[in-house]
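Biologist: Could you pick one part of this model and take me through it closely? Please also say how far the prediction itself backs it up.

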Amino acid sequence: MFLVQYAGLSHLSFDPASNNKSLQFSSTAGLQVSESPAENGSDPGKKRKRANVPPDGGGNLSPDSIPMGLPMSDPTAWATAMNNLGMAPMGMTGQPLLPDFDPALGMMTGIPPINPMMPGLGIVPPPIPPDMPAVKEIIHCKSCTLFPPNPHLPPPATRERPPGCKTVFVGGLPENGTEQIIMEVFEQCGEVIAIRKSKKNFCHIRFAEEFMVDKALYLSGYRIRLGSSTDKKDTGRLHVDFAQARDDLYEWECKQRMLAREERHRRRLEEERFRPPSPPPVVHYSDHECSVVAEKLKDDTKFLEAIQTLLTWIERGEVNRRTANNFYSMIQSANSHIRRLVNEKAAHEKEMEEAKEKFKLALSGILVQFEQIVAVYHSASKQKAWDHFTKAQRKNISVWCKQAEEIRNIHNDELMGIRREEEMEMSDEEIEDPSEMKETEESALVSQVEALKEENDSLRWQLDAYRNEVELLKQEQGKASRDEDTTKEQQMKLLQQALQGMQKHLLKVQDEYKKREAELEKVREDKLKIETLLENLKEQQSMADEEDKERDAVDCQGNESTSSRVCACSQEKECPVEKTLSNSPVKSEREVLLVGIISTFLHVHPFGASIEYICSYLQRLDSKICTAEVEVLMTRLQNTFRQELSGVGASLEKRWKFCGFDGLKMT
């Protein structure tokens, strides 16, 4: 074990470097009592005795068993001496003198640290602070002396530690150093298995355990001197580093393989513990087992187990002439369960239908509540109540109203989809012209109207049935006894409430039917308007073609007089003017207003705007304006509006521009 001094501790009253008494080491006994002559001119007659301490540190240590040549009244010297021996510094009263003492660091590495559980030591010292540096001291051996390196120099460099390293490289040995001297120095680090010394002042030392290598690295940088000689061949500077040995690598790999086997074994045990148990084996066929399975096949609770046994027997080939009748009877018993399974399936389907009906009823009730909530919002939005709310309250009410309407529409669509699936048959014929939006909307409205008609008829039939039931109940009420009057009255009340609910629902359906009919009439009117617009466009196109033909005829007659040209031109101009006056592109006052608004909008946008942008602006003023109507109107007014293409490739876009001023100059 090596002498370690902590910063902040006092030194001994004598210097270990100039002390005339040396510590004797041996490979087996550790620290021994020695009597050596004095050095450096001291009195050779004086001798100092040192106590024998076994390597395992298991002996009793007490102030009486360790003869120290120090006054007991000096606590600083007493603490330093106990520190050098690897003991926790304690006073005479048993109290620790140094609370930050670490027993893992002591005087010599060959002696293990003192265990606080030893007899005579009843303390557990606290750990040493990490900021307290350790200073290396001089080490005296039997045949040599080790001097520590300069503490201000950086620590010696070492290579990367190989896996399972138990071998160290020791360089810088004296030329006269022997294996006995090397063993004397390094056996204090642990059990040495082998030493391989070279002729060039270095060797390899293999220890029994890996932690002993760390102790040996502590000696790296020490200067070694054999005896008291100053010859160059008797001195050297030790360099201790990790060494890579095949034996160490092999033992490490064996250890890793053993750990891997243990891990695999542990995982296998865990998998077997969590693995589900295997099914019990199927018994072999016999007459007794056949009778048992036949009885189980007749029992509904044990049918599944019995049918699996029967299947296994048939696959094994147990069927022969002798057992054919038995197997036939078991198969017949299995066939008798088919009707039971079909009945169970029908019962489950009936439960599913009842659940669907309950869901529909609950969803219709929810929709009724949503309608009432939306009605509350709409009534609160009227001016009579709206003026009394604050600005924040109005904002919240409008937001809540929008959210309620969206949720109401979603649930309404879901309910309509369920009713369509149950009451309507989807036609396999596809719509011939999906591009015409008006026709698709009309067909959808027609289908919805038909669905509402069918629903109205079904509700009427249900109402008639309820009325018949009420009449029957009334007839039976006169014949029934007084005890049953209360129950029948409750039934009557329930039926009346149901009738009222059905009547309300019928009224709502009739209102919806009327609304859809009105929408259908509007769609038809719009369709007629579009057809008239298309006819007008065709007439204008034919008129433009006639004008082109007349202009060509005028160009061919270049030899005629100027007077005839002027007359012909005046006649040609008068004819289209009369025609245009008779066939004006603007049909109504509403179209005139639209032309004015569109002209103002496009005048503000000199680079043009798409038809969707224009319609979104117009729909803020009137939500009934459609895109097709605006596009047809702008197409008729070619001198006022002009359509251009802008962009390249995928960003190609049609834009309308206002060209009324240019058209005015041309006309």
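Modeller: Let's take the sheet. It's an open one with 4 strands, ordered β3-β4-β8-β9 and paired antiparallel; strands here are DSSP runs of E, at least two residues, numbered from the N terminus, and a pair needs at least two DSSP bridges. This is a predicted model, where local features need pLDDT of at least 70, side-chain atom pairs count only at pLDDT 80 or more, and totals for chains, interfaces and linings use all residues. Numbering starts from 1 along each chain as its sequence is written, and side-chain values use heavy atoms, with hydrogens and water left out.

Now for the edges: β3 (139-140) and β9 (235-237) sit there, and each has a single partner strand, so one side of each has no neighbour in the sheet. In the pairing of β8 with β9, β8 covers residues 223-226, and 3 bridges tie these antiparallel strands together. Within that pairing, R223 faces R237 of β9.

As for confidence, the chain's mean pLDDT (the predictor's confidence in each residue, from 0 to 100) is 75, with 71% of residues at 70 or more. Over residues 103-125, though, the pLDDT is below 50, yet this stretch still has 66 contacts (heavy atoms within 4.5 Å) beyond near neighbours in sequence. Residues 559-570 also stay under 50 in pLDDT, and there the model has 4 contacts beyond four places in sequence.
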